[in-house]
Amino acid sequence: MLDACSYERVDEHGNLVVDRKGDEMVLEADTIVVCAGQEPLAELAGALEAAGGVKVFKIGGAEAAGELDAQRAIDQGTRLAAAIEDAHSGDVFARAVPLSGTLYEYLGPKPQ
């Protein structure tokens, strides 16, 4: 992990170029994950998809903007990381929502 850096660009070889305290560094990468705030940037996803040869996955607030839900974003990111080699652009990595005990408590006893 690098501290005090800014992400400058992805170079023509697909590597990440960063500026760390005034020094430019090239980080060789086969996968780059952008985690950028709470606001969806549809134009960024669109530009990356239009460039071709780039898989684009929207998770967390980029997939479904709403209230701050870090747990959902972390869950989706973990699921994507585990499957990224076989994943296809546009795949959704949301967990199934189970009928939890809390819901059954609200509705009444669990069915037998």
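**From a core alanine to the sheet**

Leaving aside neighbours within four places in sequence, A87 is in contact with K55, F57, L80 and F93. This description rests on a predicted model. Three of these partners, F57, L80 and F93, appear again beside A87 in the largest nonpolar core, which has five residues in all and is completed by I84. K55 touches A87 as well.

The account now turns to helix 2. This helix covers residues 70-83, and D75 is found in it. The relative accessible area of D75 is 16%, and D75 is therefore buried, since the cut-off for that class is under 20%. The side chain of D75 has a polar partner: it makes a polar contact with the side chain of R79, at 2.8 Å.

The sheet is the next element to consider. Three strands form an open sheet, with the order 1-2-3 and antiparallel pairing. At its edges lie strand 1 (5-10) and strand 3 (23-27), each of which pairs on one side only. From one strand to the next, the twist averages 30 degrees. In general, the strands of a sheet pair through backbone hydrogen bonds, and the pairing may be parallel or antiparallel.

Each pairing can be followed in turn. Strand 1 and strand 2 are antiparallel and pair over five bridges. Within this pairing, R9 has V17 in strand 2 as its bridge partner. The hairpin formed by strand 1 and strand 2 has five residues between the strands, and in this hairpin G14 takes a positive phi near 85 degrees. On the other side, strand 2 (residues 16-20) is joined to strand 3 by five bridges, and these two strands also run antiparallel. Here L16 stands opposite L27 in strand 3.

Beyond the sheet, the chain continues through a loop between strand 3 and helix 1 (42-51), and V33 has its place in that loop. Is V33 buried or exposed? Its relative accessibility is 60%, and V33 therefore counts as exposed, because the threshold for that class is over 50%. V33 can also be related to a residue further along the chain: V33 and V56 are 23 residues apart in sequence, and their C-alpha atoms are 9.4 Å apart in space.

The two accessibility values may finally be set side by side: D75 is buried at 16%, whereas V33 is exposed at 60%.

Technical notes
Residues are numbered from 1 along each chain as its sequence is written. This is a predicted model: local features need pLDDT of at least 70, side-chain atom pairs count only at pLDDT 80 or more; totals for chains, interfaces and linings use all residues. Side-chain values use heavy atoms; hydrogens and water are left out. Helices (H or I, at least four residues) and strands (E, at least two) are DSSP runs, numbered from the N terminus. Buried means under 20% relative accessible area, exposed over 50%, partly exposed in between (1.4 Å probe, protein chains only). A polar contact is a pair of N or O atoms within 3.5 Å; within protein, one must be able to donate a hydrogen and the other to accept it, and residues adjacent in sequence count only if both atoms are side-chain atoms. Two strands pair if DSSP finds at least two bridges between them. Axes are lines fitted to C-alpha atoms, for helices over the stretch in contact, and angles run from 0 to 180 degrees between N-to-C directions. A nonpolar core is a set of buried Ala, Val, Leu, Ile, Met, Phe, Trp, Tyr and Cys residues joined through side-chain atoms within 4.5 Å. Contact means heavy atoms within 4.5 Å.
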